[in-house]
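Me: Please take a close look at one part of this structure, the parallel pairing of strands and whatever packs around it, and describe it in one connected account. I would also like the loops that adjoin this part to be covered.

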Amino acid sequence: MLTIPLTADLIHGLLDLEPTDQGLQPHRLPTWARGQCPDPQLAMVEAQPAGGRLSFHTAATIVELDAWPMRRNFAGLPPRPVGVFDLVVDGALFAQASVRGGELTTVDMVTGQTRSESVPAEPIRFDGLPEGIKRIDLWLPHNETTRLRALRANAPVTAVAREGRMQWLHYGSSISQGSNAASPTGTWPAVAASLADVDLVNLGLGGSALLDPFVARTIRDRPADAISLKIGINLVNMDAMRMRAFAPAVHGFIDTIRDGHPATPLLIVSPIACPIHEDTPGPGAFDIDALRRGEVRFRATGDPAERAAGKLTLNAIRGELRAIVDRRAAADPNLFYLDGRRLYGEADGASLPLPDDLHPDAATHRVMGQRFAQIVFADDGLLGGRG
């Protein structure tokens, strides 16, 4: 077995690799951006490498990875799913594995206290790979912090060049990051990217898609052939702003991106259907009765009457996003709008219900990814042939 240096050219879909005593820590935001917001939720999710993968060509039939997972559970709630690594060979899912061991932190949301324990982590091994030169994409878990320690193979590897495919950068919430997806290639952006054969950078930031200016500047400075912004659900369930602040914030976010991408196709995506917040403002909260039954569900705690004072709902956001794109379209012909209900609408609720009343399940992620690929990246789609 050869030890393969974990160099930046092997790692796709990530913006930074931080050296630590436990290996390389992937980040989806650059160092300077992380320094502008010490919020623990953002720090947790941007270090979860959704969309990140090791990409190389090799004749190896065995690949091993040493990784150090840093998992988090919440006292009184069901354990969170263990992160999955997906090994893709020449575009097809070949095998999956999870690391046994690592660090587990349990958080008591009532007291704020945490308790951590560590168990030695075992390497994950993929063997029986096809003979001959092939492309390997080893997708990292989308839902847990993972530090990379060592990569080994029984033949040399060559990094996959970044040129040659459309570079798609997507921004959104936990739905875009992949909450409730079964594995990293099963998140709806990864499904769409695979079907459209585009190169994904996923800036879905669970609980943190709040139009932060440092994220807009990050997108501005990142190479991209197509950009999509899925805006709305976190602004409602965090009760982050009122309509007076929302519209200028969207304009400012777009303006900053346009400073670096003046003509790049830019797609504004409104929220998918979510009955609890369609016409009821936030903040969102855990459903206490469901927790007593051992279930995780969410509810809206706002008063619909507060809409008159500018509190945001999903329907209000959809209307304003549509209006913003319409107003800017004459001067910006590469700006487009997609109603998120075309990815998941009210009619889907009967056959594909949201299991926690907020996040899609694994089957729904696949459906959303298929629909996005067709609506957006097909030859006759919104961005088809524009990369």
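Reply: Strands here are DSSP runs of E at least two residues long, helices are runs of H or I with at least four residues, and both are numbered from the N terminus. The model is a predicted one, and what follows should be read with that in mind.

The part in question is an open sheet of five strands, paired in parallel and ordered β16-β15-β17-β18-β21. Its edges are held by β16 (199-204) and β21 (335-338), and because each of these has a single partner strand, one side of each is left without a neighbour in the sheet. On average, neighbouring strands of the sheet are turned by 15° against each other, direction ignored. Strand β15, which covers residues 167-172, runs parallel to the edge strand β16 and is joined to it by six bridges; within this pairing, Tyr171 stands opposite Leu203 of β16.

Helix α4 (residues 188-196) lies across three of these strands, namely β15, β16 and β17 (226-230), and runs at about 160° to β15. The axis of α4 also comes within 7 Å of the axis of α10, the two crossing at roughly 45°, and an angle of that value makes α4 oblique to α10. This crossing is right-handed. On the α4 side the contact is made by Trp188, Val191, Ala192, Leu195 and Ala196, which meet His365, Arg366, Met368, Gly369, Gln370, Phe372, Ala373 and Phe377 of α10. Sorted by class, the residues in the contact of α4 with α10 are nine nonpolar, three polar and one charged.

Phe377 leads back from this helix contact to the sheet. The count of aromatic pairs comes to six. In the pair of Trp168 and Phe377, the ring centres are 5.1 Å apart and the planes stand at 75°, so the pair is edge-to-face, the threshold for that class being an angle over 60 degrees. Since Trp168 belongs to strand β15 and Phe377 to helix α10 (residues 362-377), the pair ties together parts that are 209 residues apart in sequence. Phe377 is thus among the α10 residues that meet α4, and it is also the ring partner of Trp168 in β15.

Two loops that adjoin strands of the sheet deserve a closer look. Leu211 sits in the loop between β16 and α5, and its phi is positive, at about 60°, although the residue is not a glycine. The loop between β18 (266-269) and β19 (284-286) contains Pro283, and the peptide bond leading from Gly282 to Pro283 is cis, with omega near 5°.

Helix α5, at the far end of the loop that holds Leu211, has a helix contact of its own. The axes of α5 (residues 213-220) and α7 (residues 243-260) come within 7 Å and cross at roughly 25°, which makes α5 roughly parallel to α7. Here too the helices pass in a right-handed crossing. Val215, Ala216, Arg217, Ile219 and Arg220 of α5 meet Phe253, Thr256, Ile257, Asp259 and Gly260 of α7, and by class this contact has five nonpolar, two polar and three charged residues.

How values were computed:
Residues numbered from 1 in each chain as written. Predicted model: local features only at pLDDT ≥ 70, side-chain atom pairs only at ≥ 80, totals over all residues. Heavy atoms only, no water. Pairing = 2+ DSSP bridges. Axes fitted to C-alpha atoms, helices over the stretch in contact; angles between N-to-C directions. Contact = heavy atoms within 4.5 Å. Parallel < 35°, antiparallel > 145°, perpendicular 65-115°, else oblique. Left-handed = near helix turned anticlockwise from the far one by under 90°. Nonpolar A, V, L, I, M, F, W, Y, C, P; charged D, E, K, R; others polar. Phe/Tyr/Trp six-rings, centres within 6.5 Å; stacked < 30°, edge-to-face > 60°.
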